[in-house]
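Colleague: Before I use any of the labels on this model, I would like to hear the reasoning behind them. Can we go through them one at a time?

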Amino acid sequence: MAGEQQSSRPGSGRSRTGKAVSLARLLHRDCTRLLELYKEKESLPSEHSLEMDRIVSLCVSSPNLSTDERVWLLHSALRQCLGLLEYVIGREEELEGEGEGEYESVRNSVRDRLGHLLHTTRVLLKNEEETNVPAPDPDCNKVKEVEVDEGDGTFGVKLWIYRVLQELIHWTHSASETLHTLHSEREREQEVGDSESEGAEI
Amino acid sequence: MTSWHLCVVVVVLTVQENRGQNWLPVPQVVNVVTEWKEQRISVTWADGLLSPNFTEKLLFDIEILQDEWNHVVHHEKLKSGDHSWSWTSPIPLECTSHSVRVRSRHQQLISQWSIPHTIPGNDISSPKTIQVYPKDRVVHVGSITVFCCIVTEGHERIGGADMNVTRISNRSYEIVKHNLTPSPSAGYNLKCTDTSTASGGTTFWVGYSPNDQELVCETDLVSVECHWSRPRNTELFGRRETQYTLNGRKCKDLNHGKQLCKCSISLDQGEKYRNLTARNPLGSVELMDREDLNRRIRMQAPLNMTISEVHARNVTIQWNWKVEAYKTLPLMCRVQLNHSDHKGPYNNTGLSLLLLTDLQPDRSYRLQVCCGTDQHFWEWGSWSSVKFFQTKVDRPDALDIWIQRTSVHKTLIMWKCLSANDSHGQIRGYNVTLESSMGSKKQWFNVSRDKLSFLLELGDSSEDHVITVTALNSAGSSPPSTIGVPRLPTDNACSEVSGSNGSFDLSWPASANASCGYIVDWRPTHSWHNGTVEWVKVPAGITRSRIVSGNFKAGVRYSLSIYTCSQGAPELMEKKEGYVKEMVPAQSVQKLQINPSGPDVLLHWDRIPLESQQGFVRGYFVYKYDTSSRLISIENITDPDATTHTLRNLPHGSYKFIVKAYTSAGEGLGATASIKLDPESYGLIVVTLIALGSMACLFFFITIICYQKRKWMKEKIYPEIPKPKLPEWSALPVWQTLDLIQCPYDRIIIVESEEGLLEQWGGEGERHYTPDTDSSGPHELRCYDPVMSGGSQRPRTLVWSAPSSQDSSGSLGSRPTEVTYTGVQTPPTPAVSSGLPSPQDALSSEDYRPQISATFPMQPQSAPSNLPLLQVCLEYQPHSQHSLSPETGSLGGSLGNPTYVNSFTFLLNNTASEKSQEEDPSSSSLARFNNRHQQPFYCNPTYHSTHPTDG
């Protein structure tokens, strides 16, 4: 990572993608820790079985997407994650009041870093004007209203929060991998561009 | 359905008409209300059709049936004629189905049960997930709560062993939780699983209902603020937290302290009372405050504080009021200066201007103001913002001075440093004036500000002097402080005083001269200088004082003097010395010495220096130890001035003495001295000297007696030997006269062989000694050989019995040879073989054992050693003329008598012998040999020089 950053000029595209990769990895670690703290707080078993359906789902018409398109979809998913997390924070404060424990601290940190990662990916996508953004499916890729099954009471809400935290882990992991791929591709492109320009000069 | 009911009614009416009123109609359940959260079922029913003649009231029985098997879980006979009834289920109603039925009762008549009205439970539906009830329940701490778990169809419940589980229906299980403790903020989660992969659960909270109390409200005439206490936290948070309303309005700015809450609402003049309601899911409490708010006014803080005028001792302050109503109220204000000093209160209507007096000059102040109502005062209001100011400088206060007469012509004037409260500004210096009482002379001195004393030359000591001291600052000089110079004390009498609790309690007799009281001064006794003198002034009429000083130290002796204060000079009344706290001496006694005097021992020491005594020395302990450091005795010397001590009649032996001084605090370090009393050695010396003296005297007398009786002894012991009468044939050289021959120096050759070391005389290639008459030759052994004739003497062999070969080899090789002289052997000669005993025979073999001690086992007691024979051999010539008969004549016969020869040698040639010994080293050697006959003797140095190993 350090090597990547050293090889990138500050403010360049490679530098931004490198920072985004670092931020996504850091966020993934935070989300993993957050789920551990939640299980500890709620006395949930370490391998609690849940529905396997994704809360955050993306509809992609084309099976073969470019990296830039995948980043675009990732950005959309992270935006949904942030919305879910903010909803979770609101519900928890309503249920329990404003806590000051480690769980609350990590949770708020995840929220802030997720916001930063969203901003970073948005900047990356803006710089790539030629990016082929997949056509949004109006029924699928829009930010859904948060739906919580209240019929099962607070316990159901807690299970839903558990699933949201798992979604965060999933999507931050996906973000770190996709952004890493993007970073590698742009580095290769930069190297090819540099070699071509050097050949032209000669 | 309606037609079916109508049919039933018609049938009942028909039967009733036909049979009369000897039966009871079945009640009709009209309504069943289910309150799921409260787990309550409310039933309403109606009587059946009764005859108009039946006017009495019916009673009813009611039953609750449960689950699909209709188990009766509750049966109740109602004693009133009510037509409604409520029942709270111990389990959530969702857990299983509940049915209710009613029957009427009158006297002995009982109707049939009504048709059961069923409330279906959730265990009859077929959800895909496990359901747990109740959901989100809040229960009291310590209560018993029943949960139920409805498993999915076709499966059974599995769960933790810690759960008390009872099956209540086909798919429903009851779980009872006892003694619940307060839950965390997120609540407890109860999870349930079954044999499928499904799981479910519920969350519940455990806490307390509100128990707030002691509502007190006050107003600042703008809003109402109420306080109450909360002795116990409800342990419920978030949406389950206690909600408060004050007079129906939700509390704003609710501030939860640990055990104190407050809430404020706007003031509504129409409200006489304040009503606080505290409510949470477990209950509510209402508190009422009925006090008139006009008696509960707590004012807001003054605004815009300003300091308008500042002087040395007063200042004017002003402020404004935000609330207009305050300007017409009778107010009471107080001022806080420097956190601690409160001034006031100051009263006025609408007070907003204040003159603060009695301030200290040249001092920084921190000021705050708060006010309250003067009428029906309830509480002080809020403090204003802080203001700082500094008063101006003023003249210093008078100095506290004291004097010490240091000598006839000198005196030391001292004064105490003025505190910040007394200096009223920075001190710039001091003026000292010395004036004689007659006014003949006046001197002024300026003293710098860092000095607190001044040494004055008095000049004429016969005059009385007066000293005046003033302090100066930027505002002027202090009032003068005057004191007369006291006279030198003539009486140095000093009494002892004991301190307690770090101070001295002094009292003294009243003095008529003490017009202005008394002065007590003190200082360390053993060392003092200007700064160590302290004093205190006692007002007139008081004759006791507790002297306290931060400089007092335990173990330091202080001198305290009490003076009378009058218009003239102070006069010394008493002088005392003491310790605020005595300690054990810090040092041991000095120079402890010990002097024995026969069986007595005198201990002497020097006293401990005063600064090390650390208390009044009350005496000394003398510890006596023996050689094994065992304490024998302790002697207590109660005389504190003692410097000697005598221990009498000590038995012989070694002693160690430790001397320790002690004070009232205990004994200090010890000085140690040791001594050994040994009269036995002394007596032994005396006895030895006496014995030697006696022996000397005895020898002296014997010598005198021998000298006086020498003729008699000669006659008795050594009579004259008549000269032999020689016959004529005596000229014939038949007999050869004895002649002194000198034994040649024999060389001893030690030959190491298996038999031992063999020392031989002479030999081929060896040195041969010719007979030498010169007796002065060194280290010559000469012997008398009666058989020797001419040069026919054969070499004789001395056989030395050396140590074993092993030993000798070792000794010869590397260290001085140690040889044991075991005997002298003469080899067989013709003379010997002729039967004439030779001196060598006398010396030979068995008899001659010079190395052996005097107790030769093989030698008769009377036989002397052989060495005297050698002496005879050397020096007794007259015997050579002794006639020897051929029959008996053998020189060996006479010479072989050792007794004879010894006596002769000792008595006659003692002096001569000694003389000759001096002249003749060989004889001297023999003499030494004789004297040391019991010791190994190696007188012949050639023995060593001819040792084969020496080459």
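What follows is a set of questions about the labels and the reasoning behind each.

Modeller: One caution to begin with: this is a predicted model.

Colleague: What makes B:Arg239 and A:Glu94 a salt bridge?

Modeller: The closest N and O atoms of B:Arg239 and A:Glu94 are 2.3 Å apart. The cut-off for an Arg nitrogen and a Glu carboxyl oxygen is 4 Å, so the pair qualifies. The rule finds one salt bridge across the interface of chain B and chain A.

Colleague: How many residue pairs are in polar contact between chain B and chain A?

Modeller: The count is eight residue pairs, with both residues at pLDDT 80 or more. On the side of chain B that touches chain A, the elements giving two or more residues are strand S15 (188-194) and strand S16 (199-207) of chain B. S16(B) gives the most, with six residues. By class, that side has three nonpolar, 10 polar and five charged residues.

Colleague: How many residues does each chain bring to the contact, and what area is buried?

Modeller: Chain B brings 18 residues and chain A brings 19 residues. The buried area is about 1,300 Å², and carbon and sulfur atoms give 43% of that.

Colleague: Why is the aromatic pair of B:Phe147 and B:Phe204 called tilted?

Modeller: The planes of B:Phe147 and B:Phe204 are at 50°. Stacked needs under 30 degrees and edge-to-face needs over 60, so 50° leaves tilted. The centres are 4.7 Å apart, and the limit for a pair is 6.5 Å, so the two rings count as a pair. B:Phe147 lies in strand S11 (residues 145-150) of chain B and B:Phe204 in strand S16 of chain B, 57 residues apart.

Colleague: Why do B:Phe147 and B:Phe204 count as buried?

Modeller: Buried means under 20% relative accessible area. B:Phe147 is at 0% and B:Phe204 is at 3%, so each counts as buried.

Colleague: Why is the pair of B:Trp321 and B:Tyr326 edge-to-face?

Modeller: The planes of B:Trp321 and B:Tyr326 are at 85°, which is over 60, so the pair is edge-to-face. Their ring centres are 5.5 Å apart, within 6.5 Å. With 6% relative accessibility B:Trp321 counts as buried, and B:Tyr326 counts as buried at 0%.

Colleague: Which residues form one aromatic cluster?

Modeller: B:Phe504, B:Trp522, B:Phe552 and B:Tyr558 form one. Over all chains, a search of the whole structure finds 24 aromatic pairs.

Key. Residues numbered from 1 in each chain as written. Chains lettered and ligands numbered in written order. Predicted model: local features only at pLDDT ≥ 70, side-chain atom pairs only at ≥ 80, totals over all residues. Heavy atoms only, no water. Contact = heavy atoms within 4.5 Å. Buried area = accessible area lost by both parts, 1.4 Å probe. Salt bridge = Lys/Arg side-chain N within 4 Å of Asp/Glu carboxyl O. Polar contact = N/O pair within 3.5 Å; in protein donor to acceptor, adjacent residues only side chain to side chain. Helix = DSSP H or I, 4+ residues; strand = E, 2+ residues; numbered from the N terminus. Nonpolar A, V, L, I, M, F, W, Y, C, P; charged D, E, K, R; others polar. Phe/Tyr/Trp six-rings, centres within 6.5 Å; stacked < 30°, edge-to-face > 60°. Buried < 20%, exposed > 50% of the residue type's maximum accessible area, 1.4 Å probe, protein only.
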